[in-house]
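This report looks at strand pairing, overall chain form and aromatic contacts in turn.

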Amino acid sequence: MTLAIELIDIHKRFGNVHANKGVNLSVQKGSIHGIVGENGAGKSTLMSILYGYYGATSGTIKIDGREARMRSSRDAIALGIGMVHQHFMLVETLSVLENILLGAEGGFWLSAGKDAMRAKLATLAKTYGLEVDPDARVADIGVGQRQRVEILKALVRGAHVLILDEPTAVLTPTEADNLFDMLRVLRDEGKTILLITHKLREIMHVTDHVSVMRRGEMAAHFETSHTSVEEIADAMVGRKVSLIVHRGPANPGRVLLEARDLVVRDMHGVTRVDHVSFSLRAGEIVGIAGVSGNGQSELLEALAGMQRLTSGGITLDGAPIDTSRLDPSHMRELGLMHVPEDRHRHGLVMSFEACESGILGFQHDAAYGGALLDRAAVESGLAADMETYDIRPRDPRLTTHSFSGGNQQKIVLAREIERGPKVLLVGQPTRGVDIGAIEFIHKRLMALRDAGKAILLVSVELDEIMALSDRILVMCGGRITGERTAANANPRDLGLLMAGVTDKAA
Amino acid sequence: MRAAKLPVWADLTLVPLANVVAAFFVSGLVVLAIGENPFNAMRVLISGSLGSLEGISFTLYYATNFIFTGLSVALAYRAGLFNIGAEGQAYLAGLGAALVCLSLPGLPAIILLPLAIVAAGVFGAIWAMIPGWLQAKRGSHIVITTIMFNWIATSLMAWLLVNSMRAPGSMQPETKSFPPAALMPKFDGILSLFGIAVPSSPLNVSFLLALIAAAFVWLLVWRTRLGYEIRTLGANASAADYAGIGTTRVIVITMGLSGMLAGGLAVNEVLGVQNRLLLEFTSGYGFVGIAVALMGRAHPVGVVLASLLFGMLYQGGAELAFDQPRITRDMIVVIQGLVVLFAGALEGMFRTPIAAVLGLFRRTDEPDSRSA
Amino acid sequence: MKPVLAGLAVAVGFMAAGDLAQAEVKPAIVYDLGGKFDKSFNEGVYQGAEKFKIETGIAYRDFEIQNDAQREQGFRRFARDGFSPIVAVGFSQASAVEKVAAEFPNTQFTIIDMVVDKPNVQSIVFREHEGSFVVGLMAAKASKTGKVGFVGGMDIPLIRKFACGYVQGVKYANKSADVFQNMTGTTGAAWADPVKGGELARSQIERGADVVYHAAGGTGLGVLRAAADAGKLGIGVDSNQNALFPGKVLTSMLKRVDVAAYKSFAEAKAGTWKPGLQVLGLKEEGVAYALDDNNKSLVTADLKAAADQAVADIIAGKIQVHDYMSDSKCPM
Amino acid sequence: MELDAIVIVLGSGVRLAAPLLCACLAGLWSERSGIVDIGLEGKMLAAAFAGAAAASVTGSAIMGLLAGLSASLALGLLHGYAAIDRHGNQIVSGMAINMIAAGLTALVGAAWFGQGGRTPSLEGDARFNPVLFGMDPLTIITILCASLTWLFLYKSRFGLRLRAAGENPAALETAGVSVRRIRYAGVAICGLLCGLGGVYLSVSQAAGFLPQMTAGKGFIALAALVFAKWKPIPALFTCFLFGLLDAVAIRMQGLSVPGLGFVPVQAIQALPYVMTVILLAGFVGRAIPPRASGIPYVKEN
């Protein structure tokens, strides 16, 4: 049994952020090794260090038993390491062939290298079933194809270690299965594969070994065949998770939000939301499950007024909305509020004082003075929320980025919930939030439901969806592929729907 | 753009100070290289700008121009817009003022001047709103469009002054003089009414307008709802989208206000000093506004202070050129360029050591990696 | 801080002392935007002042402005420091002179190329059309193709005056001659763009011109160079530019600003300086054509005779050269 | 216009286009590598001064060329340092370079030669003289540069990497190539080409340096770059078109065009800028800059 990779006591600091703390990892040659952990656990950083993209602050890397110095990706490539990044490292304006050629051109002039590369690609296509059109522009091909290009990039450089960072985040289940088949073929050919993911089912499905990271540290190592999802999950979060939220029975009232035949096309004309209809009642939580990138974000943004609808209608508390002039501030006035999926991108202004972030979207509220903003009212508003939501430190004048993720998320939630919405749209409410804050947030949402408000919850965490929702809608490819009540939902069934296997087809 | 986090006071004092010192140090080397004594030059520069009442008046007169253009650049910058077009906007503002003054010659000053000032503001605003609108609606990069608009303004104004507005029989492409009522009251004139004798200088009430504009910008940016929206747009455009802030509206309004502020340059130069419209009266003050805004950290107080410094440079530089002909006024352009370089493009160079000295971090091994 | 304060004290003291020394004449010059060494107009004034300095040993101060705002400041500064007379070079200085002359009624100002009507201002203008007529005549006689060119700087009445005089001279010598005329531009930049000047001259030469006259300040250097490069002849202006491209410059239309500056200084020294308008033409030798070693071979005896005859005829009034600026029209 | 007049204007257009083309290609190399450069004007001006000064002092046009290239290269590398190593704002840095060059050339020129910032006129071997069809060596090199730019940008390893650096630098870095090095190469080539343009202006075309002699050519080159959509062959044609416009404008003073009547010269002068704005606004076609240009590449984020 030989080790392909050994990482010994790796530390990495970004300024005052300690992303990797004394990480150790051993990977056996010819195996598929999974690395799991929550967002921000330090997986991607560790892999970027292994790939030479970041330099480690301290520590030792051994490849095939020999100590290696990684000054840049060039060194990693020379040592036979290839990496498929979560965000594909492709140049969209160039062709597939040029992308694969990049960094491995084989001579000063491109023409000779191009011919040789075409031949090489033909061979690889035969061996692994990795077919691509070398002359297509990357901008014109789909996500699955792009991933192939990334894998080919690694293989043509002679990689025997392949790192894949969250490879299935943007894939449909079928595409993901194809990928796993391909990975098994590669392993059987003697390649070593490192698979980074936070999806436990994938780990169980495809890996031989699994390492768990938590808060920048390596928390546990398991042989996949000798462990269980529960054991891994416990290691990930560091204590027994209780995702079961105490909930009373739902008491649905009148329909507060109705969506009819919503269609959203993006700027490239690609249909993101495909004829989606549903209704949301007072006093219920409806969860939307799905692999990320299947139209949930666009649906949420369209309902919030941020995305233009291509067609379809929205009715809010019985009143139809003029969808040709969707506008977030108008929706807020009508009582529809929105906790966005990405608080850094949408929900907060990180350089603002926290109290200023606390009025984002409500800057025209009469509560904050006339022509001039009433600073005292702005500050006291957040100061009150800080008490109710236990936001620390309790200083509304600190800049927003000096708060932790959980406290930042609470600022957003407090802002949207405390103004008494009729309908609350919630996207990924606990992403990058610590366990304590997760419990608090879940309780708060449940309380809001019990107070007779309507909540639409979008989350890629199936557990979260199942714990909170009264009804569950599943989206795949922009469509709603099925609906389940809380009582008759199970993960296996939902997984099929997420994969696009619809009720009718089944 | 921030390399290291500093407390606000250090950000507003130490960093600009370090930038200026660096710019002056390099300038000193240049003076040395052309065979003059940099300390002597420095002395002339300071005594020429602050050593007499006349010098101070001229310093404040130049500073007036810089406060207006600096505020113009700073306000747009707060909304995330890089307005390089203050020069062209001020140029067009001069046209607005001239049209009012030439077409309504009979009016008394109390009516004519406010009208001319408003016209200058409106013309400057319109010339800035077009690139703003193109950015918001068509995605045309505002840096490129404002550069192009500067050149288009140059051609347009040359054409107007040469062909339609030139005073009959004049050798120069310039309009005839405006009626005396169109002249902004000068400080020397006002003070002499109270029996205080000060040397004659171009310093006029535009300077007070500039200070009022600075206070207005502060109030607008930090205390109004519009200012909140401007800052949100500048700090996080997608959050502005989320908050329902009409991006197009805010961009166009901000650029309009920015152009209006640039128009203040025309008020000071055309209405305050020249009393007629002439070619290239903006003489690069619009570009200095960029240096001023960068040095003033896009804050009105910083802009006023930086404007005073640049006013000193201009006035002291004129005295220097007068006194030591080998050091031409181009020296001032070099210093400006160096300030822009150190305060703008290389600002991180001094933040890091300052942050280290202040001991803000327990670890300073990789202070570059944090970005705001 | 101490050296700075000391410096302040020195500077203030120096300013206060300025008014005391009125005993001897303290002349000064403020140049126009082209700068002291423009090989043309400003440089002419500089040479006149240098001549005065060498002859009398009296030093003078001068100032090259860099922007419009500095004109007034320059005059005021000189006036306050007791300089007089102050020579203002160029028509652009008129409004500044007018203003500062009113503030300092005891200071003598001399402005060249423009009329400022103030009791302490001496205005010197030239009859450039007369000189241009003579070089036009020479150009027509020297031309083998019967085609000659003119390149002006900024398109203003003054330069049209040059052009009009030149055309009259050409037509006087050869009725059927063609004159190509171009102006470089409409703004001040037209005085300092030798590349454009060269392009214009080149295009005139390519259309057949073999003598090109310029009245374009710094831009004219490009004109003369283009003519020299093409093996044709150029005609200089203001200063004697024959030496710039020896053997390639037929002559120069001298506008004796050097004489004007020298005279202003000398008269002030002698106490004979008078305000008011002075018009300098061929008769007063304010304008002339240049003849020296550099163009001796080009100006044949015939040519010289014809030129001298024209000068005599104009002085005598036998030839009337039309002044464009009198009615903004050129009869040709 | 008669035929010979057209030929004359075309010739003049080529001469006026040459420095534009140099600056435009310079901008192309820089922006294709991901570094926005509005400092083309300043670099040209510095090269024009250094070139004329060196040629005048040494009496050799070649020495002038070398000095001009070095001066422009130095400023290019300064811009590179600010943009690549300090992650500074590239617009600001370009602005600074324009100001420093404008001031320094006039200041040093005035102190050195005592002629108000001018250099002495260049004569004989100190300037480039025509060798082919009335074109001097620099004109020929310039036109050659456009084809070489096309060849190296699209057909060589270096060009591929440079294009990747301007579109997606992280992709290049993960492919094992240093983005920093490629971008430095980009700004260096930009410096050299600007230098060529500047030397062309002062040593070849005007035979001497005058303060501010570039008179906005760097900005027209920038407009041409946008107009050519950051591609070398269209850049060649755009610069020629702009040069031609300039040539026509020079000859248009006070002339009226049959059919059009009196066309103000200023309208022709403003045309390149107006056309660029229209193109940028996407009313006719669309100009999309390299995706990563202007954005500092910070690896450890």
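In chain C, Met253(C) stands opposite Tyr289(C), a residue of β12(C). Strand β10 of chain C, residues 249-255, is joined to β12(C) by three bridges, and the two run antiparallel. Strands here are DSSP runs of E of at least two residues, helices are runs of H or I of at least four, and both are numbered from the N terminus; two strands count as paired if DSSP finds at least two bridges between them.

The model is predicted, so that local features need pLDDT of at least 70 and side-chain atom pairs count only at pLDDT 80 or more, whereas totals for chains, interfaces and linings use all residues. Residues are numbered from 1 along each chain as its sequence is written, chains are lettered from A and ligands numbered from 1 in the order in which they are written, and side-chain values use heavy atoms, with hydrogens and water left out.

The wider setting in chain C is an open sheet of six strands with mixed pairing, in the order β7-β6-β8-β9-β10-β12. Its edge strands, each pairing on one side only, are β7 (178-185) and β12 (287-289) of chain C.

Chain B, by contrast in topic, has 16 helices and zero strands. Its radius of gyration, 21 Å, agrees with the value near 21 Å that a compact globule of 372 residues would have, where the radius is taken over C-alpha atoms and the globule rule is 2.2 Å times the number of residues to the power 0.38. Further values for chain B are tabulated below.

| Property of chain B | Value |
|---|---|
| Span of the C-alpha trace along its principal axes | about 70 × 55 × 40 Å |
| Buried residues (under 20% relative accessible area, 1.4 Å probe, protein chains only) | 65% of the 372 residues |
| Contacts (heavy atoms within 4.5 Å) joining residues at least 24 apart, among those between residues at least 6 apart in sequence | 75% |

Aromatic rings of Phe, Tyr and Trp (its six-membered ring) pair if their centres lie within 6.5 Å, with planes under 30 degrees apart counted as stacked, over 60 as edge-to-face and the rest as tilted. By this rule there are 35 aromatic pairs over all chains. The rings of Tyr285(B) and Tyr314(B) have centres 5.8 Å apart and planes at 45 degrees, so this pair is tilted. The pair links distant parts of the chain, 29 residues apart, with Tyr285(B) in helix α13 (residues 285-295) and Tyr314(B) in helix α14 (residues 300-323) of chain B. Both Tyr285(B) and Tyr314(B) are buried, and they belong to one aromatic cluster with Phe58(B), Tyr61(B), Tyr62(B), Phe66(B) and Phe310(B).

Notes:
Buried means under 20% relative accessible area, exposed over 50%, partly exposed in between (1.4 Å probe, protein chains only).
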